[in-house]
Amino acid sequence: MSFSRTNLNEVDPNYTTVPEGTYNMRVVKADLIPYVKPDGSDAERISLSLTIFDHPEYSGQRIWETIWEGSFGLRTMRKLMDASGIAQFSDEVLPSWLERLVVEKAEFKALVQDIEDLTRDGVPNPRTVRPDGSANKKNTVDWRTIAPAS
């Protein structure tokens, strides 16, 4: 994509989610991001950008996921490794494996859910809240359903 060839009159200004369903997805960006926990300690999270492919209507639609530290995050990454077939080498650090997911175009399928975008406190996310104060929608991957792409 290049901004120099963009005609903004042809751009739909409304973000829309995809309907809930199982989609083939490809990892197009995977980064290990440092952050500070509320208690002040340092931590890392994995930021994934996924693209739907092989779908008659939603190919190219992006899904963004954050994988947090902890046992669920580790199990999620292991499931992604198994479903994509891109194994982490025994001497490979996680950031290198994340880079290979992108370079080798890791693919998988999973259920994508269409949910309200709420904070941990259950209130509408202030970054995406609608003008009337109600919660906007967002897509999220149900990692329990991950399998090799079909």
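Strand β1 (residues 21-36) and strand β4 (residues 107-116) run antiparallel to each other and are held in register by six bridges. One of these matches puts N24 across from K109 in β4. A word on terms: two strands pair if DSSP finds at least two bridges between them, while helices (H or I, at least four residues) and strands (E, at least two) are DSSP runs, numbered from the N terminus. This is a predicted model, in which local features need pLDDT of at least 70 and side-chain atom pairs count only at pLDDT 80 or more, while totals for chains, interfaces and linings use all residues. Residues are numbered from 1 along each chain as its sequence is written, and side-chain values use heavy atoms, with hydrogens and water left out.

The β1-β4 pair belongs to an open sheet of five strands, arranged β3-β2-β1-β4-β5 with antiparallel pairing. β3 (62-68) and β5 (137-147) sit at the edges with a single partner strand each, so one side of each has no neighbour in the sheet. From one strand to the next, the twist averages 40°. Angles here run from 0 to 180 degrees between N-to-C directions, and axes are lines fitted to C-alpha atoms, for helices over the stretch in contact. As for the edge strand β3, its antiparallel pairing with β2 takes seven bridges, and T51 stands opposite R62 of β3.

What about the helices? The whole protein chain has two helices and five strands, which follow one another along the sequence as β-β-β-α-α-β-β. Helix α1 (residues 71-84) lies across β2 (42-53), β3, β4 and β5, at about 65° to β5. Helix α2 (residues 94-103), in turn, lies across β1 and β2 and runs at about 150° to β1.

In a regular strand the side chains alternate between the two faces of the sheet. For β3, the covered face holds I63, E65 and I67, and the uncovered one holds R62, W64, T66 and W68. One residue of the covered face, I67, turns up again among the contacts (heavy atoms within 4.5 Å) of T76, a residue of helix α1. Leaving aside residues up to four places away in sequence, T76 touches I67 and W143. T76 has 2% relative accessibility and therefore counts as buried; buried means under 20% relative accessible area, exposed over 50%, and partly exposed in between (1.4 Å probe, protein chains only).

Over in strand β4 there is L111, which counts as buried because its relative accessibility is 19%. With residues up to four places away in sequence set aside, L111 touches E20, G21, T22, T140, V141, D142 and T145. F89 is another story: L111 and F89 are 22 residues apart in sequence and 28 Å apart in space, C-alpha to C-alpha.

Now for the chain as a whole. Its C-alpha trace spans about 50 × 40 × 35 Å along the principal axes, and 32% of the 150 residues count as buried. Among contacts with a separation of 6 or more, 56% join residues 24 or more positions apart. The accessible surface comes to about 9900 Å², with 51% belonging to carbon and sulfur atoms; such areas come from the Shrake-Rupley method with a 1.4 Å probe, and for residues only the protein chains shown count as cover.
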